[in-house]
Amino acid sequence: MKSEGHLRATCFAPATLANLAVGFDFLGVAVSTFGDTVTVTRIEEPLVRFEFIEGIDSDGLPTDPLKNTASYPLIKMREVLNLKFGFSLGLKKGIPLSSGLGGSASSACAAVWAANKLLSNPLKKEDLLSFALQGEAKASGSIHADNVLPCLLGGLNLIFSLNPLSFKKLPLHKDFTFVVWHPHFRVDTFKARSILSKNILLNQHTEQSLYLSGFFLGLYENNYNLMNQSLKDVIVEPQRKKLIPHFDEIQKRAYDFGGYNLSISGAGPSLFALANGQEEAKKLKNEIDSFFKQKGEGVESFISSVNERGAHYVD
Ligand code: HSE
């Protein structure tokens, strides 16, 4: 596709739930309710700079283009594609910082997809992944694609090779609905990764693999009960839950309420569970909301089906 004359583009990229209990660093899903928005303007100076950074938690973000997850991918794009012109960015954060909802991936994906529209030979989304991944790595200290893939492409994404990066977007039954809680505190992804042990036991590997098998069999058969029953993490969650106050009680409350397996979204502190339809989702949301209220802890919660679009232009 040849495109001349686009000088400015605005792109929205959704929040994502990474890991989904069974797929640490290789499974993620885009959710529909909110995300980051980036406006990119083509400028004559051969550099990348910010026009503005605003929105939720924007005070906590680096303004140095080399350190920000939205601008860094565009620096790499200029280098690799040998662009003569530069980019000016306006970043509007809709995803809270260090929330476990893929905020850094969202900024990076919105930026690369917006900038792509300004190229004389725009690339496919798949060809922009490496730029977005380098932006995401600025926040977490390592390259993992489980937020970036669903954020850019939409849907539920399974990675099945890291080198080369290979993945597949998989269909999820339209009734299967995510309920997500965002407690009002931050967990630094870098820290949440640094506390993880490099070793696991053979029996942990087997147990976790059985849950992974159950999850994908449930997905294949559109079997909600099997998917929900399989949403368990016996490796990463036990190490990270100490970063989330009341985690065991919240998890038990969801299980006692209707057999829901609640787990951590990404590096946390956000939590998620899978419900079968909107009505169930509303009841579960209210139940866990009331737990947070009883404890006097701030939380935002939402219900979302899968966002199949991923990053898209809004202007
Ligand atoms: N898979 C990543 C993790 C997602 O859990 O650390 C957070 O960026």
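In the predicted model, an N or O atom in the side chain of arginine 240 lies 2.8 Å from an oxygen atom of the ligand. On its own the ligand has 260 Å² of accessible area, of which the protein covers 96%. Two further side chains approach the ligand through polar atoms: a polar side-chain atom of histidine 144 is placed 2.8 Å from a ligand oxygen atom, and an N or O atom in the side chain of aspartate 25 is found 2.6 Å from a ligand nitrogen atom.

The ligand occupies the largest pocket, and the residues around it include Ala18, Phe24, Asp146, Asn147, Thr189, Arg193, Gly266 and Ala267 in addition to Asp25, His144 and Arg240. Classified by side chain, this shell comprises 3 nonpolar, 5 polar and 4 charged residues, and at least three of its residues come from each of domain 1 (8-170) and domain 2 (176-304).

Asn19 also belongs to the residues around the ligand, and its backbone is notable for a positive phi near 80° in a residue other than glycine. Asparagine 19 is located in the loop that runs between β1 (8-18) and β2 (27-43).

Two cis peptide bonds were assigned in loops of the model. One joins asparagine 163 to proline 164, with omega at about 5°, and proline 164 is situated in the loop between β5 (156-162) and β6 (165-170). Another joins glycine 268 to proline 269, likewise with omega at about 5°, where proline 269 falls in the loop between β8 (263-264) and β9 (271-276).

Notes:
Residues numbered from 1 in each chain as written. Predicted model: local features only at pLDDT ≥ 70, side-chain atom pairs only at ≥ 80, totals over all residues. Heavy atoms only, no water. Near = heavy atom within 4 Å. Polar contact = N/O pair within 3.5 Å; in protein donor to acceptor, adjacent residues only side chain to side chain. Areas by Shrake-Rupley, 256 points an atom, 1.4 Å probe, with all protein chains shown as cover. 1 Å grid on protein atoms, 1.4 Å probe; cavity = no way out; pocket = protein on both sides within 12 Å on 5 of 7 lines; lining within 4 Å. Sits in = over half its atoms within 2 Å of the grid points. Nonpolar A, V, L, I, M, F, W, Y, C, P; charged D, E, K, R; others polar. Domains from an automatic or database assignment. Helix = DSSP H or I, 4+ residues; strand = E, 2+ residues; numbered from the N terminus.
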